[in-house]
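Student: Please take a close look at the part where aromatic rings and charged side chains pair up. Tell me which pairs there are and how well covered their residues are.

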Amino acid sequence: MTAQELQSLKNKYDIIGTDPALNRALEIAVDVASTDLTVLICGESGVGKENIPKIIHQYSRRRTGKYFAVNCGAIPEGTIDSELFGHEKGSFTGANEMRKGYFEEADGGTLFLDEIGELPLASQAKLLRVLQSGEFIRVGSSKVLKTDVRVVAATNVNLMHAVSMGKFREDLYYRLNAVPVFMPALRERQDDIYLLFRKFTSDFSEKYGMNKVSLTPDAVALLKSYRWPGNIRQLKNVAETVTALESGKLTPASGRCEVGAEVLSRYIPKDAPNMLPVKSAFGEDSITPGEKEAIIRMIYQLRQEVDYLKEAVGIGRAPVHIKALPQDTVRDHHGGDEQPRPLEQESEGLSDWQEPYEIRNAAPASFTAHHVPQFKDTEFAKATPDEQDGNDLSLQKAGTDLIRKALEKYHGNRKQAAAELGISERTLYRKLKSIENQ
């Protein structure tokens with residue numbers, strides 16, 4: 001496109017700016033309009049993505065057909081299929097009559113699907129079928145219908161990340177991304193920021209009969225230095241607010257309202273460091289119910305281990321140094337399969353009996369009193385509580401005494417004794433063997 005044709009296009013669609021990335025996006029839209037290739041428009045919210053599908057439609061052979069813009073993120077998940085593909089009478093509660101969907105209504109025209117990343121997975125499969133074969137089925141029907149629609153999609157999220165998270169179909173992504181168009185963020189178009197501000201203030205003052213607003217050089221610098229997370233939409237709001245509240249303060253010399261950096265700063269939001277972050281569309285904090293359950297289980301296991309170690313330290317009167325533990329296996333408290341234990345810990349300075357215990361629902365195994373080992377250290381076995389509290393009592397002897405008491409309490413039942421001690425039966429068996437061999 002020549003510079004004159006490009007400027008004429010911008011004037012037609014009320015597009016302001018001279019940024020090379022913006023110009024490139026407009027040129028791609030015009031070049032691809034004559035084909036039926038699917039276009040995917042990528043860019044942050046508020047950058048003006050809605051202009052691209054309008055340009056594509058008007059410069060295509062479908063310009064005489066219908067044009068529909070559908071915000072996939074604004075339609076409830078339960079009704080998205082009905083909106084896109086239509087439904088038959090009585091197909092669900094409230095379906096009092098047959099209704100055509102957007103794909104049927106837009107036959108021969110263009111359909112703009114905004115926020116395509118919000119489309120449910122079940123609907124994504126149906127959309128893929130339409131894109132590949134032009135076939136679709138109304139909700140509640142078994143009849144296959146055909147349509148001839150040019151689809152232009154837009155997203156403000158990283159669809160490849162959504163694909164890796166299992167929230168967007170990979171085959172649909174590549175089908176939509178036949179021709180990608182990237183719309184730059186406002187912070188990447190610094191030379192266009194003041195041009196847009198002047199346009200918004202001029203339109204607003206003309207509409208309401210207010211005085212026009214101009215900025216001092218320091219105010220222009222402030223305007224350009226702000227990051228504008230809401231992009232053009234946010235800039236327009238700020239421009240209109242400044243015009244509405246400051247336009248009455250005329251400068252005698254110029255007869256215009258001149259706003260400086262100090263005044264403008266009142267209308268630009270501050271980036272407070274203590275502000276809480278909002279949840280991203282597709283980020284690491286997008287946690288599934290299964291992941292939440294796993295986290296809760298790990299926290300539960302860690303709490304059990306911490307309580308056990310604290311108890312051991314309190315009894316043994318010995319310092320404990322915690323470091324990362326080797327991996328073990330653990331059964332969840334629902335009786336699930338063995339999984340690698342996360343968040344394990346190991347104690348330096350603890351005797352052998354105090355190694356990390358396991359939380360597991362082992363098969364029941366009852367033992368009678370004669371299974372309790374005969375302790376060779378008879379003097380220790382007969383020790384009184386006062387003697388055991390002495391400063392010379394080792395951590396190992398305290399552990400041995402705990403095992404003996406637990407087995408005596410449950411008459412040799414290993415499972416109950418292990419549960420009392422907070423260790424597995426396997427670990428208890430190993431410790432008993434160690435005690436017998438002393």
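Tutor: The answer below takes the aromatic pairs, then the salt bridges, and ends with one helix contact.

The model is predicted: local features need pLDDT of at least 70 and side-chain atom pairs count only at pLDDT 80 or more, while totals for chains, interfaces and linings use all residues. Residues are numbered from 1 along each chain as its sequence is written, and side-chain values use heavy atoms, with hydrogens and water left out.

A pair of aromatic rings is described by the distance of the centres and the angle of the planes. Rings of Phe, Tyr and Trp (its six-membered ring) pair if their centres lie within 6.5 Å; planes under 30 degrees apart are stacked, over 60 edge-to-face, and the rest tilted. This rule gives 7 aromatic pairs. One of them joins Phe85 and Phe103, which are stacked with 5.5 Å between centres and 10 degrees between planes. Phe85 belongs to helix H4 (residues 80–85) and Phe103 to helix H5 (residues 102–105), so the pair links distant parts of the chain, 18 residues apart. Helices (H or I, at least four residues) and strands (E, at least two) are DSSP runs, numbered from the N terminus. Both Phe85 and Phe103 are buried, where buried means under 20% relative accessible area, exposed over 50%, and partly exposed in between (1.4 Å probe, protein chains only).

Another pair is Tyr194 with Phe197: the ring centres are 6.5 Å apart and the planes stand at 20 degrees, so this pair is stacked. Both residues lie in helix H9 (residues 190–208), 3 residues apart, about one turn of the helix. Tyr194 counts as buried at 18% relative accessibility, and Phe197 is buried at 0%. Ring pairs also link Phe85, Phe103 and Phe136 into a cluster.

A salt bridge is a side-chain nitrogen of Lys or Arg within 4 Å of a carboxyl oxygen of Asp or Glu. The count by this rule is 16 salt bridges. In one of them Lys126 meets Asp81 at 2.7 Å, N to O. Lys126 lies in helix H6 (residues 121–133) and Asp81 in helix H4, so the bridge ties together parts that are 45 residues apart in sequence. Lys126 is partly exposed, with a relative accessible area of 39%, whereas Asp81 is buried at 14%.

Helix H5 also takes part, through a salt bridge between Glu104 and Arg138 with an N to O distance of 2.7 Å. Glu104 is in H5 and Arg138 in the loop between strand S4 (135–137) and strand S5 (144–146), 34 residues apart. Glu104 counts as buried at 18% relative accessibility, and Arg138 as buried at 13%.

Asp171 and Arg169 form a salt bridge with the closest N and O atoms 2.8 Å apart. Asp171 is partly exposed at 36% relative accessibility, and Arg169 is partly exposed at 29%. Asp36, Arg61, Arg62 and Asp148 are linked in a network of salt bridges.

Last comes the helix contact. Leu6, Leu9 and Lys10 in H1 meet Asn23, Leu26, Glu27 and Val30 in H2, contact meaning heavy atoms within 4.5 Å.
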